[in-house]
Amino acid sequence: MDDLRALLAIVIFFFSSYLVYDLIANGFSWSVLVACIIGFWIVHFIWPKNQSQESSWYDFLEIVIDLPYQAVAFSLRSVSRLVRGSDGDIGIDL
């Protein structure tokens, strides 16, 4: 069952990666961007977390598959910290 989940996650990952290419090649579209982000989000949750077999290529594949999700999550957390931490002041203390 874990192999089927991994295969499905890889297929969705490649489809989402194609959507990133489509954004660059054919111009920006909000629907394509949302579909791409949702695809990477689904891949993050579909990928099996606990593996009975330990192999280095499987671990490497997990890092590559999860990298776009982690990048988007990091950027959204950074933006929310900036917005939450700002109080409208310039912040110069003399």
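1. **Nonpolar core.** In this predicted model, the largest nonpolar core contains 14 residues, and those touching the most other members are Ala9, Phe13, Val43, Trp47 and Ile65. The elements that contribute two or more residues to this core are α1, α2 (30-46) and α3 (56-85). Helix α1 supplies the largest share, namely six residues.

2. **Phe13 within the core.** Phe13, one of the core residues with the most contacts to other members, is also listed among the buried residues of α1. Leaving aside residues up to four places away in sequence, Phe13 touches Phe40, Val43, Val64, Ile65 and Pro68.

3. **Overall architecture.** The chain comprises three helices and zero strands, and the order of elements from the N terminus is α-α-α. Of its 94 residues, 24% count as buried. Among contacts in the chain with a separation of 6 or more, 64% are between residues 24 or more positions apart.

4. **Geometry of α1.** Helix α1 covers residues 2-26. Its 25 residues should span 36 Å at 1.5 Å a residue, and the C-alpha atoms at its ends are 35 Å apart, so the expected and modelled values agree. Just after α1, Gly27 adopts a positive phi of about 100°.

5. **Buried positions of α1.** The buried residues in this helix are Ala6, Ala9, Ile12, Phe13, Ser16, Leu19, Asp22 and Leu23. Two members of this list, Ser16 and Asp22, are taken up separately below.

6. **Ser16.** This residue lies in helix α1. Ser16 counts as buried because its relative accessibility is 1%, under the 20% cut-off. Beyond residues up to four places away in sequence, Ser16 touches Cys36, Gly39 and Phe40. Phe40 is also touched by Phe13.

7. **Asp22.** Which side chain of opposite charge is nearest to buried Asp22? That side chain is Lys49, at a distance of 26 Å, and Asp22 has no salt bridge. Its side chain does, however, form a polar contact of 2.5 Å with the side chain of Asn26. When residues up to four places away in sequence are set aside, Asp22 touches Gly27 and Val32. Gly27 is the residue with the positive phi just after α1.

8. **Asn26.** The partner in that polar contact, Asn26, lies in helix α1 as well. Is Asn26 buried or exposed? With a relative accessibility of 61%, Asn26 counts as exposed, because the cut-off for that class is over 50%. The 2.5 Å contact thus joins the side chain of exposed Asn26 to the side chain of Asp22, a residue that is buried.

9. **Tyr69.** Tyr69 is found in helix α3. Its relative accessibility is 18%, and Tyr69 therefore counts as buried, the limit being under 20%. Excluding residues up to four places away in sequence, Tyr69 touches Phe40, Trp41, His44 and Phe45. Tyr69 and Ile38 are separated by 31 residues in sequence, and their C-alpha atoms are 9.5 Å apart in space.

10. **Phe40 as a recurring partner.** Phe40 appears in several of the contact lists above: it is touched by Phe13, by Ser16 and by Tyr69. Of these partners, Ser16 lies in α1, whereas Tyr69 lies in α3.

Methods: Residues are numbered from 1 along each chain as its sequence is written. This is a predicted model: local features need pLDDT of at least 70, side-chain atom pairs count only at pLDDT 80 or more; totals for chains, interfaces and linings use all residues. Side-chain values use heavy atoms; hydrogens and water are left out. Helices (H or I, at least four residues) and strands (E, at least two) are DSSP runs, numbered from the N terminus. Buried means under 20% relative accessible area, exposed over 50%, partly exposed in between (1.4 Å probe, protein chains only). Lys and Arg count as positive and Asp and Glu as negative; His and the chain ends are not counted. A salt bridge is a side-chain nitrogen of Lys or Arg within 4 Å of a carboxyl oxygen of Asp or Glu. A polar contact is a pair of N or O atoms within 3.5 Å; within protein, one must be able to donate a hydrogen and the other to accept it, and residues adjacent in sequence count only if both atoms are side-chain atoms. Contact means heavy atoms within 4.5 Å. The expected span of a helix is 1.5 Å times one less than its number of residues. A nonpolar core is a set of buried Ala, Val, Leu, Ile, Met, Phe, Trp, Tyr and Cys residues joined through side-chain atoms within 4.5 Å.
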